[in-house]
Structure formats: C-alpha cells, structure tokens
Amino acid sequence: PAYAAYDATCTAHLDDPVATALQGTSAICPSCKREYILYGGAATVDAQYHLQPYRIYHEGSNLTVHSP
C-alpha cells in the first residue's frame, strides 16, 4: 500500500496559520473553505501552493513520518 502525509496548514494562510479539517478524502480550510484533495495534496481551486508533503518511511509494520 502507498501512504501519504501532509502538513495540515492551509497554504492561503501562511502568515496566520489555519489548520484544515479532515472530511473524507479531503482537507477543508474552515476559514476560506479551500479544499485539498488528499490524493496528492492539490487544492481543488486555483492555489499558489499545494499542501506540504511529509516524507514517509514504511518498514515492516512501522510507518515513520518526517517533516520536509
């Protein structure tokens, strides 16, 4: 299986961070309602940046997540 992890900060609010909320396979910003698809981290509308991906290491039954 493939794994992915992203920083939850909406990229429209980098100066005043706002965490997105998980809704199914999307992350939604409660402030601006921007939606990010969690299969790739891309925003569903025009956005300058996608969600920041984290590095994932899968070894046996362990997953390790590292910030970029």
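**Close-up views of a predicted model**

**View 1. C32 is partly exposed, with a relative accessible area of 35%.** The model shown here and in the views below is predicted, and the value for C32 falls between the limit for buried residues, under 20%, and the limit for exposed residues, over 50%. How far is the sulfur of C32 from the closest cysteine sulfur? That closest sulfur belongs to C29 and is 3.7 Å away, which is too far for a bond, because a disulfide requires two cysteine sulfur atoms within 2.5 Å. The structure as a whole holds zero disulfides. C29 is accordingly in no disulfide, and the nearest cysteine sulfur to that of C29 is the one in C32. Is C29 buried or exposed? With a relative accessible area of 0%, C29 is buried, whereas C32 is partly exposed.

**View 2. Seven residues make up the largest nonpolar core.** The members of this core are C10, V18, A27, C29, Y36, A43 and L51, and the C29 of the first view is therefore seen here again as one of them, since it counts as buried at 0% relative accessible area. Which residues does C10 touch, once those up to four places away in sequence are left out? They are V18, T20, C29, C32, R34 and Y36. Among these partners, V18, C29 and Y36 are listed as members of the core together with C10.

**View 3. H13 lies in the segment before β1, the strand that covers residues 21-23.** H13 counts as buried because its relative accessibility is 17%, and the limit for a buried residue is under 20%. When residues up to four places away in sequence are not counted, H13 touches V18, C29, S31 and C32. Two of these partners, C29 and C32, are the cysteines compared in the first view, where their sulfurs are 3.7 Å apart.

**View 4. Three strands form an open sheet in the order β1-β2-β3, with antiparallel pairing.** The edge strands of this sheet are β1 and β3, each of which pairs on one side only. Neighbouring strands of the sheet are turned by 30 degrees against each other on average, with direction ignored. Strands of a sheet pair through backbone hydrogen bonds, and the pairing may be either parallel or antiparallel. Over how many bridges do β2 and β3 pair? They pair over three bridges, in the antiparallel sense, and the bridge partner of I28 in β3 is E35.

**View 5. K33 sits in the loop between β2 (26-28) and β3 (35-37).** Phi of K33 is near 70 degrees, a positive value in a residue other than glycine. Most residues other than glycine have a negative phi. K33 counts as exposed because its relative accessibility is 57%, and the limit for an exposed residue is over 50%.

**View 6. The whole chain contains five strands and zero helices.** Read along the sequence, the strands follow the pattern β-β-β-β-β, and the C-alpha atoms fill a box of roughly 40 × 25 × 20 Å along the principal axes. Of the 68 residues of the chain, 22% count as buried. The accessible surface comes to about 4900 Å², and 51% of this area belongs to carbon and sulfur atoms. Among contacts between residues at least 6 apart in sequence, 29% join residues at least 24 apart.

How values were computed: Residues are numbered from 1 along each chain as its sequence is written. This is a predicted model: local features need pLDDT of at least 70, side-chain atom pairs count only at pLDDT 80 or more; totals for chains, interfaces and linings use all residues. Side-chain values use heavy atoms; hydrogens and water are left out. A nonpolar core is a set of buried Ala, Val, Leu, Ile, Met, Phe, Trp, Tyr and Cys residues joined through side-chain atoms within 4.5 Å. Buried means under 20% relative accessible area, exposed over 50%, partly exposed in between (1.4 Å probe, protein chains only). Contact means heavy atoms within 4.5 Å. Helices (H or I, at least four residues) and strands (E, at least two) are DSSP runs, numbered from the N terminus. Accessible areas come from the Shrake-Rupley method with a 1.4 Å probe; for residues, only the protein chains shown count as cover. Two strands pair if DSSP finds at least two bridges between them. Axes are lines fitted to C-alpha atoms, for helices over the stretch in contact, and angles run from 0 to 180 degrees between N-to-C directions.
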